[in-house]
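Trainee: I've got this model open on my screen and I'd like a close look at just one part of it. Could you walk me through the annotated site and what surrounds it?

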Number of protein chains: 4
Amino acid sequence: MRTRSVGVFKIATTGPGDVSGLMARIGSGAIDPREILAILGKTEGNGGVNDFTREYAVSALCAALAPHLDLPPREVEQRIAFVMSGGTEGVLSPHITVFTRRAIDSPPVRPSGKRLSIGMAQTRDFLPEELGRSAQITETATAVKAAMADAGISDPADIHFVQIKCPLLTSDRVEAAAARGNKTATTSAYASMAYSRGASALGVAVALGEIAADLHDEDVLRRYDLFSSVASTSSGIELMHNVVIVLGNSAASASEFAIGHAVMNDAIDSAAVVAALQSIGLRIAPQATEGRELINVFAKAEASPDGTVRGCRHTMLEDTDISSTRHARAAVGGLIAGLAGTGAVYVSGGAEHQGPAGGGPVAVIARLSD
Amino acid sequence: MRTRSVGVFKIATTGPGDVSGLMARIGSGAIDPREILAILGKTEGNGGVNDFTREYAVSALCAALAPHLDLPPREVEQRIAFVMSGGTEGVLSPHITVFTRRAIDSPPVRPSGKRLSIGMAQTRDFLPEELGRSAQITETATAVKAAMADAGISDPADIHFVQIKCPLLTSDRVEAAAARGNKTATTSAYASMAYSRGASALGVAVALGEIAADLHDEDVLRRYDLFSSVASTSSGIELMHNVVIVLGNSAASASEFAIGHAVMNDAIDSAAVVAALQSIGLRIAPQATEGRELINVFAKAEASPDGTVRGCRHTMLEDTDISSTRHARAAVGGLIAGLAGTGAVYVSGGAEHQGPAGGGPVAVIARLSD
Amino acid sequence: MRTRSVGVFKIATTGPGDVSGLMARIGSGAIDPREILAILGKTEGNGGVNDFTREYAVSALCAALAPHLDLPPREVEQRIAFVMSGGTEGVLSPHITVFTRRAIDSPPVRPSGKRLSIGMAQTRDFLPEELGRSAQITETATAVKAAMADAGISDPADIHFVQIKCPLLTSDRVEAAAARGNKTATTSAYASMAYSRGASALGVAVALGEIAADLHDEDVLRRYDLFSSVASTSSGIELMHNVVIVLGNSAASASEFAIGHAVMNDAIDSAAVVAALQSIGLRIAPQATEGRELINVFAKAEASPDGTVRGCRHTMLEDTDISSTRHARAAVGGLIAGLAGTGAVYVSGGAEHQGPAGGGPVAVIARLSD
Amino acid sequence: MRTRSVGVFKIATTGPGDVSGLMARIGSGAIDPREILAILGKTEGNGGVNDFTREYAVSALCAALAPHLDLPPREVEQRIAFVMSGGTEGVLSPHITVFTRRAIDSPPVRPSGKRLSIGMAQTRDFLPEELGRSAQITETATAVKAAMADAGISDPADIHFVQIKCPLLTSDRVEAAAARGNKTATTSAYASMAYSRGASALGVAVALGEIAADLHDEDVLRRYDLFSSVASTSSGIELMHNVVIVLGNSAASASEFAIGHAVMNDAIDSAAVVAALQSIGLRIAPQATEGRELINVFAKAEASPDGTVRGCRHTMLEDTDISSTRHARAAVGGLIAGLAGTGAVYVSGGAEHQGPAGGGPVAVIARLSD
């Protein structure tokens, strides 16, 4: 029996502090604020350590939603998962994707096949010295399983995207660890983002049985043969724990939407993007498919750590002016936008252990009208 | 009768000063240095005013070729046209494309159809105050016609790519104009690159009959409905005149190669890239076509001046950290590399009046083995 | 008779959203929120078009102050002038300076000499096409006079710093003007910041009688011999009118603080910084002066438009990777911090018509304990 | 008896490829090219991994000097030490400083006191896995002693500046080490620059007896209490060994020039800059001293690794848009230029183990006419 419905709303923003689109949909009744489970956004910062557009966007959303939830702004974040991915390089367009969930008695129309389901969980707060190491891997794996249960999905094959928000190190946090006599995985704030993303992704891979559970600290950012095909992890300065959101298809869902995915083997893997679109019944833009409407594409991008893409040297890792995550988002964003026909797609940087080295997962959500 | 043969060699570089690949081909006899007409390169600088990788690459190539041409290094540049486009953002891979031309008695195999031909010409040196204005347009148009004649092409429909190298303004040059009592089109070095590229492209459009010849100074960077579908212009600090290279197909050519093109209507126009590939018998990577080998793709990229791509807001023009030309090259480079299956493609930034606003021309050269 | 007291509080911030220092001082009673007139801050964005740290800081301050003022957050900005200058390059340290003002019956201790006074005024909203032109100059001049009256200062010689917050152009605003058939001073968002700052500074110069009032549109960013020695203007995306804050000394003030200034003739004018310190009884760090405590230094910095500093070529205007305003803030900030002994100084970029070309005003506020 | 003379020539450049100033001095006889021992330059790149202005400048100088030395361009680098420090942020002005040395019978005028002497030495080529580790420390220390002997200086107290050019890691070099089964100190090219600079500086400290010789790999970039007060190290992609240049005063020198130094304790240590100027008889600009002419200032700058400068938070280490070395050079360059009265000073980034954490050595060369 279908017991749940999941809604997905993609809303353009005019700046990191813009909540007008969401408020309009709440005002019109299109979105019930009490049903909002998670909001994934692309904000127009640099996606790096000092990208304050992420926390600004979260702050603005919390302030706007608070009166609708009868909560003080601070507590909205405990109720709704906000994942803001900074960096809209190239043609990428700032927007948010709002996920809602509600229990239903019976769907108005009985959909065929499995439909979109969503689940969430959190880890405890980490110590700075735990970031990028096995503690973060293990705790994340536990949270992924909890989120699957929350989504009502038991088969890992039904999971198509696992989004995680994870912490990073700052000078203060490194100092705090040192004051306790502990060394962090790195002393560089920027480098710590990669460590945290990598360990979180390995946690997903462990939870879904993609790799064995016996990982060590030194595997992180070294053993790139170990990865998850559905993990997408973003690090941000504003939290010290991991937030896990799983997206998959479930027979218990009466959603209009469904999700599919593929894995890009490198940053120019157009075939994988096409496969992800096709997995959910879509084709390359501008070719429309009856009964299928593209809602959003969720992908991870990174500069191949060996310095080449399909045999050709790239210069992303040697550029002191632009960080490699910005380069990679711009390039992969350009490819996906071209195939999807829109720049309002969620392409996030830093794909360590998320797909093979230099590649990354690409998931597609579509509305099914049949 | 086929009287000429044109060769095209794409050679990877390990840095802007790397000439080893070219020297190896000269050493092996694959390239006769006396037949080199033009070298188009992608170098790994920022593509902006202070991108010295372009002049460094030219300097290194001149020094390396000089003994083979019995010329002092300084004079090599008078003989061979060097067009270095800075900026290998994202997956773009530094490389040079060497064009050779020689007169032949009769081809070993008689090709069918028109084949690749190349022609060149130069304008006089411009005054700083002429850049981005009608003088630059008019002189460029004259040079384009001279280059067509040099290529042995009389029908504008056979022209598929016109590459122009043009000057920019520096503080010194602006001062020099001011000292003569003249104002330049802009006092910003960065902005001057756009003016110079735009006026040069309008010159191509005039020469090929794409637009009427009655242009005014104020049309440059304003009347974006006026453009050339085959112009590609790059500005650099190292010269004060325009160098024009036309690439097209001619019945007089016995080349193994042929060229085709399409026009991208916006930065995510995958259909145009596919059309350009198909125009010369190729398909989306990794699908191979018998008798057709992709050599290189030549395209222009720019941030849409109206701040949107297909209805979605982009942030390229508001980014104070990364210039819009870098954003655009990264995004369009990602799309083209994905469809072509290689990052070693020539995607150059700043497409003012080169294709419609926000779009640009895309040309493809293939080797035909049938 | 002394009828007013002005307070100045410099408070370090840990990020653009950090209001904890101000809240602590309100909690302890050190600051009465109802007496806050203006807050000038340095936030850690790029100081450019897409610097959202400024509006984020203002948003956070408004939300925090609202309950203390019995106002909704939106209305706090009508009551308190917030001027956030983005960019803490080099050693510059993020902080806010809070100015309070209250009427008093009689001061506890009767100070000698003129003391710090502050006044404020605003212009009407500008149309995009008015920015950087005579309308902005004229309206600003009127507002400066109103702010002087508000400060109780009639002699321009007693004015030592005039801070203005002014708008900039975005793609949207340029389009809006074009839709009305009007051209803006520039179509570049980044360039518009300079135009707006320049016209606003000329308005100050007109109001204080530093230059004649008969200015034309084309003088802006051209006639650099026209400037104000005390204007400091910052442009931001978040408003469409000018906010004017004058700081000077008045016999009607019973403040503990006093202000002085000097003019830097170029970006390395250490003598001017020393003179500004000495004007208020201070010396080069680390030399302490009894009865004098440095509170803050307020200065403007810019890349000399002629491309040289005291005969040596600089590269700030030719750098496509880092905007010249960031370069200039870093360099001038380094000099002032070295002489003042602290990086928590207010050095703001873009000094068009604020001091001579390449230079800028430098003001110092000190607490006088004698 | 005075047996040697050392000359110092500071020459402005108009770009990294500009050799005209040096050629003019050779043409006029002011510089004898056969006497050139070393050239230290500031070039206008980003000072990072992909700063090709350094190798371009060296390439241009080698090509220009080759005919004067009867050497092929490649061999000029074996004869003359070129140290190009990239990055002229803020007011820093591109220039080269040419050091010449010749044996003399007896000086025309007998100078009083010790005068400038210079000596050089090189290490062997390093393996990538040796960079930033004890092998680099030990080999450097040996080379410093050899360079002191070459300079005719035996007392470490007479050494005022030791400039070292050292290698960095690239993707290729990291791969090469991995192929041999060895891990490099870091896999990041940018991070490797710090490791190499740090180990080289520790080598100087060991050689001069500033610290004990029993260092371990893990001390590099960790034990910031270990440092040299006169080391200045720059890493570049163009070499795999260390080049050591010592500058000091010697009774055997008949040079017109002398050198002194001080140590900046932090990035705003104006007192140290003043002390360095005074050590050689100079004062703060614009105050002239009879018989003393400032030739150049040589200093190292870095972002304090604890994230603060004299108690105030800085944002250099958290900035993903601009590398901390660029920030630090801009700020310290601004301070030194302000005190020296010129932006044509040699301020180089990355002061790991060169002076205390966040500080660095500052040396001054003056011409003495008495």
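Mentor: Let's start with the "binding site" feature, which in an unreviewed UniProt entry lists Arg54(A), Ser85(A), Gly86(A), Arg197(A), Ser234(A), Ser235(A), Arg329(A), Ser348(A) and Gly349(A). Keep in mind that you're looking at a predicted model. The "active site" feature, also from the unreviewed entry in UniProt, sits at Lys165(A) and Ser234(A). Those active-site positions are spread over 70 residues of sequence, yet they cluster in space, with a largest C-alpha distance of 5.0 Å. Ser234(A) is named under "binding site" and under "active site" too.

Take Lys165(A) to begin with. You'll find Lys165(A) in strand β6 of chain A, which covers residues 159–166. Is Lys165(A) buried or exposed? Its relative accessible area is 2%, and since anything under 20% is called buried, Lys165(A) counts as buried. The side chain of Lys165(A) comes to 2.6 Å from the backbone oxygen of Met84(A). Leaving out neighbours within four places in sequence, Lys165(A) has a long list of contacts, including Arg54(A), Phe82(A), Val83(A), Met84(A), Ser234(A), Ser235(A), Glu238(A), His241(A) and Asn242(A). So from Lys165(A) you can step straight to Arg54(A), Ser234(A) and Ser235(A), because heavy atoms within 4.5 Å are what makes a contact, and these residues are in contact with Lys165(A).

Now click on Ser234(A). Its place is strand β7 of chain A, residues 231–235. Ser234(A) is buried as well, at a relative accessible area of 5%. Beyond four places in sequence, Ser234(A) touches Ser85(A), Gln163(A), Ile164(A), Lys165(A), Cys166(A), Arg197(A), Lys300(A), Tyr346(A) and Ser348(A). Of the residues on the binding-site list, Ser85(A), Arg197(A) and Ser348(A) are among those touched by Ser234(A).

Next along is Ser235(A), also in strand β7 of chain A. Ser235(A) is buried at 3% relative accessibility. With sequence neighbours within four places set aside, the contacts of Ser235(A) are Arg54(A), Lys165(A), Cys166(A), Pro167(A), Leu168(A), Met193(A) and Arg197(A). Arg197(A) therefore turns up again, because it is within contact range of Ser234(A) and of Ser235(A).

Ser348(A) comes in from elsewhere in the chain: it belongs to strand β13, residues 346–349 of chain A. At 2% relative accessibility, Ser348(A) is buried. Skipping neighbours within four places in sequence, you'll see Ser348(A) in contact with Lys42(A), Ser85(A), Ser234(A), Ala299(A), Lys300(A), Ala301(A) and Arg329(A). Ser85(A) and Lys300(A) show up in the contacts of Ser348(A) and in those of Ser234(A). Arg329(A), touched by Ser348(A), is on the binding-site list too.

For contrast, try Ala178(A), in helix α5 of chain A, residues 171–179. Ala178(A) is partly exposed, at 47% relative accessibility. Ala178(A) and Thr233(A) are 55 residues apart in sequence, and their C-alpha atoms are 26 Å apart in space.

To see the sheet itself, hop over to chain C. There, four strands make an open sheet with mixed pairing, in the order β5-β8-β6-β7. The edges are β5 (115–125) and β7 (231–235) of chain C, each pairing on one side only. From one strand to the next, the twist averages 15°. β5(C) runs antiparallel to β8 (residues 241–250) of chain C, with nine bridges between them, and Gln122(C) stands opposite Val243(C) of β8(C). Lying across β5, β6 (159–166) and β8 of chain C is helix α4 (residues 134–151), at about 145° to β5(C).

While you're in chain C, have a look at Ser200(C), in helix α6 (residues 189–207). Ser200(C) is buried, with 0% relative accessibility. Its side chain makes a polar contact with the side chain of Asn242(C) at 2.9 Å, and a polar atom of that Ser200(C) side chain lies 2.8 Å from the backbone oxygen of Ser196(C). Apart from neighbours within four places in sequence, Ser200(C) is in contact with Gln136(C), Thr140(C), Ile164(C), Cys166(C), Thr233(C) and Asn242(C).

Conventions. Residues numbered from 1 in each chain as written. Chains lettered and ligands numbered in written order. Predicted model: local features only at pLDDT ≥ 70, side-chain atom pairs only at ≥ 80, totals over all residues. Heavy atoms only, no water. Pairing = 2+ DSSP bridges. Helix = DSSP H or I, 4+ residues; strand = E, 2+ residues; numbered from the N terminus. Axes fitted to C-alpha atoms, helices over the stretch in contact; angles between N-to-C directions. UniProt positions renumbered as here; feature names shortened; annotations may be inferred. Buried < 20%, exposed > 50% of the residue type's maximum accessible area, 1.4 Å probe, protein only. Polar contact = N/O pair within 3.5 Å; in protein donor to acceptor, adjacent residues only side chain to side chain.
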